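Thank you all for coming; I would like to take a few minutes to walk through one model with you. Please have the sequence and the structure open as I speak.

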Amino acid sequence: MTVKIYVPGDMASVALGADEVAGALAIEAAKRSLSIQIVRNGSRGLFTLEPLVEVETAEGRIGYGPVSPDEVPALVAAGLFEGKPHAKCVGRPEELPFFKGQTRLTFARNGITDPLDFDDYVAHGGLKGIRKALEIGPKAIVEEVLQSGLRGRGGAGFPTGIKWKTVADTTGDQKYIVCNADEGDSGTFADRMVMEGDPLQLIEGMAIAGVAVGATKGFVYIRSEYPYAVAAMQSAIKTARQRGLLGAGVMGSAYAYDMEVRVGAGAYVCGEETSLLESLEGKRGLVRAKPPLPAHKGLFGKPTVINNVLSLAAVPHILAEGFAAYRDYGVGRSRGTMPIQLAGNIKYGGLYETAFGVTLGELVDVVGGGTESGRPVKAVQVGGPLGAYFPRALFDTPFDYEAFAAKDGLIGHAGVTVFDDTADMLKQARFAMEFCAVESCGKCTPCRIGSTRGVETLDKVAAGDEREANLAVLEDLCNTMKFGSLCALGGFTPYPVMSALHHFPEDFGRPPALLDAAE
Ligand SMILES: Cc1cc2nc3c(=O)[nH]c(=O)nc-3n(C[C@H](O)[C@H](O)[C@H](O)COP(=O)(O)O)c2cc1C
Ligand code: SF4
């Protein structure tokens with residue numbers, strides 16, 4: 001009998017020693033002349049447990065983690081291959097509170113299946129979405145996506161169905177689907193996990209988009225820092241072609257759709273959609289003025305759907321189960337689930353997919369278990385480097401696009417980065433300005449010049465040089481950047497800066513904020 005063992009092969013788990021653990025397991029099995037099959041699944045998403053080794057038993061999959069390579073001989077001697085108890089045994093991973101509390105729609109297969117095994121994909125619900133899509137046709141597909149309430153998960157939260165409808169309604173001899181997998185936001189990794197852990201789902205989502213809008217060609221633009229995702233996507237695309245999901249007749253239909261991977265050279269601004277299109281065309285990543293919208297004139301001047309990985313990866317489920325099965329989760333205009341990424345100084349960091357509406361406090365204190373350092377949480381930055389810092393006083397804010405906007409924040413790509421009470425918020429504000437100065441594409445003055453002036457002004461504040469006068473300059477500068485920048489890099493940098501100043505004035509030499517002081 002062959003024992004099936006799962007050892008994640010995604011980049012994060014490999015960085016934590018998963019390859020060496022897999023090697024050590026193979027050696028121990030060989031010593032015992034035991035036949036084992038090691039499946040390199042994706043991570044389930046709780047990184048404190050990685051590398052998480054799972055063994056298939058009659059009682060389901062039993063997990064052990066985190067396992068280091070030198071622990072493997074003792075674990076095997078204690079009965080790991082039979083799923084026996086051990087201090088490192090976590091039981092059935094899906095029973096752990098971190099996973100039990102989740103609603104996994106987009107991440108349903110992550111950590112469960114072999115990412116590159118087409119049959120495993122189909123056995124776990126893969127292809128149901130594209131089959132339904134081909135059955136109902138382009139107009140009805142767009143309608144399903146519209147009705148699902150899905151909004152772009154890349155940051156702006158624009159309704160995906162409206163974007164698709166615009167491209168579908170625009171005439172063009174060639175249309176494109178572009179997947180934005182640049183994932184530049186600090187503390188985010190959900191796109192990478194989809195591409196490494198369930199790449200066929202993204203391909204299926206992109207094929208559905210192609211059929212819906214009449215695009216026959218697609219590109220996935222992946223950041224160069226993601227070599228494992230690049231390899232997984234390339235391999236999955238090849239398999240999808242062999243198995244008829246991609247090609248001249250998608251799943252034997254009359255619709256043609258094929259796609260390929262493009263690797264970015266590493267600039268934050270290349271995640272901005274028009275800059276990404278320039279980069280895809282082989283040019284420098286410079287932001288384009290809008291209009292025209294990419295939906296009208298996008299890649300090579302042709303109508304283009306450009307969507308984030310998570311937006312496209314949500315689509316197969318919506319089609320397979322019907323729009324209501326997605327729309328019925330969530331609150332207000334934030335429908336469905338969001339794969340939230342808990343990072344920074346947090347005890348249980350990882351991927352937590354849940355319906356919109358969970359509060360920031362629940363995420364940080366309950367799901368995340370507070371800080372890794374054990375010190376009090378001081379601030380949480382939500383939405384990457386352009387997101388606002390939230391103090392504990394705002395922990396009752398529900399995860400919802402509008403609720404965050406009402407508190408001068410944003411959800412963005414749902415990165416949640418936690419800081420403890422040793423964080424200096426003036427330094428964080430300076431970092432935001434510096435980041436903008438380094439990453440600015442240089443096209444418009446408020447961002448190109450404003451960010452550098454912002455760094456200088458914050459340095460003066462830090463030095464106690466005419467503090468109040470310089471803070472007034474900083475606020476003025478932030479307003480100019482917010483309202484005068486061409487894109488959200490310059491336009492949103494004021495969010496982390498002003499939220500740091502507003503919620504943590506004491507770090508800028510001002511008296512503490514009343515709201516926070518009351519805490
Ligand atoms: C500076 C900047 C960086 C961005 N980086 C990303 C990114 O890494 N990934 C992403 O999907 N969207 C990013 N966006 C948002 C895109 O411009 C665009 O809104 C998104 O790709 C559209 O897809 P969606 O509707 O599915 O969210 C960025 C925007 C800006 C202004
Ligand atoms: S805001 Fe910054 S990144 Fe955006 S177009 Fe202007 S200079 Fe370029």
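Asn180 reaches ligand 1 through its side chain, where a polar atom lies 2.9 Å from an oxygen atom of the ligand, and I should say at once that what you see here is a predicted model. Two backbones take part as well: a backbone N or O atom of Arg153 lies 3.4 Å from an oxygen atom of ligand 1, and a polar backbone atom of Glu183 is 3.1 Å from an oxygen atom of ligand 1. The protein covers 92% of the 610 Å² of accessible area that ligand 1 has on its own.

Where, then, does ligand 1 sit? Ligand 1 sits in the largest pocket, and the elements that give two or more residues to the shell around the ligand are strand 9, residues 304-308, and helix 20, residues 488-492. Strand 9 gives the most to this shell, with three residues. In total, 19 residues surround ligand 1, and the closest are Gly154, Asn180, Asn307, Asn308 and Ser311. If you sort the residues of that shell by character, you find four nonpolar, nine polar and six charged.

Let me now turn to the backbone, beginning with the cis peptide bonds. One of them joins Glu50 and Pro51, with omega at about -5 degrees, and Pro51 has its place in the loop between strand 2 (36-39) and strand 3 (53-57). Another cis peptide bond runs from Gly65 to Pro66, where omega is near -5 degrees, and Pro66 lies in the loop between strand 4 (60-64) and helix 3 (72-77).

I would also like you to look at two residues with a positive phi. Leu127 is not a glycine, and yet its phi is positive, at about 75 degrees; you will find Leu127 in the loop between helix 5 (118-123) and helix 6 (128-136). Is Leu127 buried or exposed? Leu127 counts as buried, because its relative accessible area is 3% and the cut-off for buried is under 20%.

The other residue is Ala414, which is likewise not a glycine and has a positive phi, near 65 degrees. Ala414 is placed in the loop between helix 16 (401-406) and strand 16 (415-420), and with a relative accessibility of 0%, Ala414 is therefore buried.

That brings me to the end, and I am happy to go back to any part of the model.

Methods
Residues are numbered from 1 along each chain as its sequence is written. Chains are lettered from A and ligands numbered from 1 in the order in which they are written. This is a predicted model: local features need pLDDT of at least 70, side-chain atom pairs count only at pLDDT 80 or more; totals for chains, interfaces and linings use all residues. Side-chain values use heavy atoms; hydrogens and water are left out. A residue is near a molecule or strand if one of its heavy atoms lies within 4 Å of it. A polar contact is a pair of N or O atoms within 3.5 Å; within protein, one must be able to donate a hydrogen and the other to accept it, and residues adjacent in sequence count only if both atoms are side-chain atoms. Accessible areas come from the Shrake-Rupley method with a 1.4 Å probe; for residues, only the protein chains shown count as cover. On a 1 Å grid over the protein atoms alone, a cavity is a set of points where a 1.4 Å probe fits but cannot get out, and a pocket is an open set with protein on both sides within 12 Å along at least five of seven lines; lining residues have an atom within 4 Å of a point. A molecule sits in a cavity or pocket if more than half of its atoms lie within 2 Å of its grid points. Helices (H or I, at least four residues) and strands (E, at least two) are DSSP runs, numbered from the N terminus. Ala, Val, Leu, Ile, Met, Phe, Trp, Tyr, Cys and Pro count as nonpolar, Asp, Glu, Lys and Arg as charged, and the others, Gly among them, as polar. Buried means under 20% relative accessible area, exposed over 50%, partly exposed in between (1.4 Å probe, protein chains only).
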